[in-house]
Amino acid sequence: KQHSGGNAYQHYSESLGSQISDTLALENALRRAIEEDEFELYYQPQYDMGTGRIVAVEALLRWPRPDTGEMVMPATIIPMCEESGLITPLGLWVLRRACRDYSRWQRQRIAPPRVAVNISARQFQAQDLVETIREILQAQQMRAAQLELELTESVLQTQSATEQMHALAGLGIQIAIDDFGIGYSSLSYLKHLPVSKLKIDRSFLRGIPEDEDNKAIVEAVISMARSLKLQVLAEGVENATQRRYLRARGCDQVQGYLYSRPLPLADIEALLQQSD
Ligand code: C2E
Ligand code: CA
Ligand code: CA
Ligand code: CA
């Protein structure tokens, strides 16, 4: 058996080459998926802890790949689309589809108060986002207050983002800060940005209430939200211990597998029907 540096290098460069071509193949497949309308939205309900009612459903992207039969998750789709610029048409598709579904629920009289849509940092930078959203709302005969945008802290850094947020909030759109606590930006933005809700990242729910560090963070966020008169939602609630703890601490809203997984359209409609 022979071991040479040359072989090792060749092996390395082949696998790097195949990684690059895999990436390109996936990118092409995603581009085609947008054109062929292959994506789907799943919806996960968010509950008010006081009333037990659904206050919103969050749209979550899925791609049932026709060629492999695999369900491709957003952790694969979104970063690739951000890199390639495909996020703009894809993000638009998500907004349109979520609002179209919501407007259907209104006609069926099963609509929850709001539908929440995730907006990626790069998508938020598009100059015409506000105008586009205004048009979509009008086309679907939705009130702006029925749409909530979930933005991560990474979006909030720029001046143009600040202006965009004020314009959106000016229309009456709700803005939630997603994955709150894992970004490292300063908290001062909460004073001057039109934010209505903080979503505590699910990593902080882990080990609650035994994990002292996570407990301290969750309690601090809930009490800060209360002082700033913001809604606070805990995501990734998986068990009754977490639910009891959050209720006792005065958390407003919850979302997680304990209540419901993200559901395909027919199933979320059945759930909305029965919780009406
Ligand atoms: P996110 O916005 O923080 O969404 C919550 C994620 O946690 C979802 O994963 C959801 O399925 C999962 N989850 C919900 N409850 C639980 C729970 O109790 N336990 C656990 N372990 N997980 C739970 P998903 O659908 O894979 O989405 C991952 C991320 O991809 C989202 O995180 C969001 O950042 C992004 N994403 C999803 N859809 C879109 C979209 O349409 N546009 C953009 N820009 N990003 C999206
Ligand atoms: Ca989200
Ligand atoms: Ca989140
Ligand atoms: Ca998250």
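## A tour of the pocket and its calcium ions

Start with the lining of the largest pocket: select its residues and colour them by type, which gives 17 nonpolar, ten polar and twelve charged. Here Ala, Val, Leu, Ile, Met, Phe, Trp, Tyr, Cys and Pro count as nonpolar, Asp, Glu, Lys and Arg as charged, and the others, including Gly, as polar. The model is predicted, so local features need pLDDT of at least 70 and side-chain atom pairs count only at pLDDT 80 or more, while totals for chains, interfaces and linings use all residues. Residues are numbered from 1 along each chain as its sequence is written, chains are lettered from A and ligands numbered from 1 in the order in which they are written, and side-chain values use heavy atoms, without hydrogens or water.

**Stop 1: the pocket**

The lining consists of 39 residues, and those nearest the pocket centre are Glu 58, Leu 60, Pro 74, Asn 118 and Asp 178. Select strands S1 (40–48), S2 (54–64), S5 (147–152) and S6, then helices H2 (74–84), H3 (87–107) and H4 (121–124): each of these elements gives two or more residues to the lining. Helices (H or I, at least four residues) and strands (E, at least two) are DSSP runs numbered from the N terminus. The volume of the pocket is about 1,100 Å³. A pocket is an open set of points on a 1 Å grid over the protein atoms alone, where a 1.4 Å probe fits and protein lies on both sides within 12 Å along at least five of seven lines; lining residues have an atom within 4 Å of a point. The volume is the space filled by probe spheres set on the points, which are joined across faces, edges and corners.

**Stop 2: calcium ion, ligand 2**

Which residues coordinate the calcium ion (ligand 2)? Show Glu 58 (OE), Asn 118 (OD1), Glu 150 (OE) and Asp 178 (OD), which do so at 2.1 to 2.3 Å. Donors are N, O and S atoms within 2.8 Å of the metal (3.2 Å for Na, K and Ca), and sites may look incomplete because water is not among the atoms. Glu 58 sits in strand S2 and Asn 118 in strand S4 (residues 114–118), so this pair ties together parts 60 residues apart in sequence. Glu 58 is buried, at 5% relative accessibility, whereas Asn 118 is partly exposed, at 28%. Buried means under 20% relative accessible area, exposed over 50%, and partly exposed in between (1.4 Å probe, protein chains only).

**Stop 3: calcium ion, ligand 3**

Keep Asp 178 selected: this residue bridges the calcium ion (ligand 2) and the calcium ion (ligand 3), which are 3.8 Å apart. The protein donors of ligand 3 are Asp 178 (OD), Asp 179 (OD) and Glu 235, the last listed with two OE entries, at 2.1 to 2.5 Å. Asp 179 in strand S6 and Glu 235 in strand S8 (residues 231–235) link parts of the chain 56 residues apart. Glu 235 is buried, at 10% relative accessibility.

**Stop 4: calcium ion, ligand 4**

Now move to Asp 179, which bridges ligand 3 and the calcium ion (ligand 4), 3.2 Å apart. Ligand 4 has Asp 179 (OD) and Asp 201 (OD) as its protein donors, 2.5 to 3.0 Å away. Asp 179 belongs to strand S6 (residues 174–180), and Asp 201 to the loop between strand S7 (197–200) and helix H8 (212–227), 22 residues apart. With a relative accessible area of 23%, Asp 179 is partly exposed; Asp 201, at 11%, is buried.

**Stop 5: Leu 60**

Return to strand S2 and select Leu 60, which is buried at a relative accessible area of 17%. Leaving out residues up to four places away in sequence, Leu 60 touches Glu 40, Leu 41, Tyr 42, Gln 44, Asn 118 and Pro 262. Contact means heavy atoms within 4.5 Å.

**Stop 6: helix H10**

Where do the buried residues of helix H10 pack? Select Ile 268, Glu 269, Leu 271 and Leu 272, the buried residues of this helix (residues 265–274). Looking down the axis of H10, they fall within an arc of 160 degrees and so line one face; the arc is taken from the directions from the helix axis to the C-beta atoms. These residues pack against S1, S2 and H3. On the face turned away, look for the exposed residues Ala 266 and Gln 274.

**Stop 7: Ser 154**

Finish in the loop between S5 and helix H6 (159–171), where Ser 154 is found. Ser 154 is partly exposed, at 46% relative accessibility. A line drawn from its C-alpha atom to that of Asp 178 spans 9.9 Å, and the two residues are 24 residues apart along the chain.
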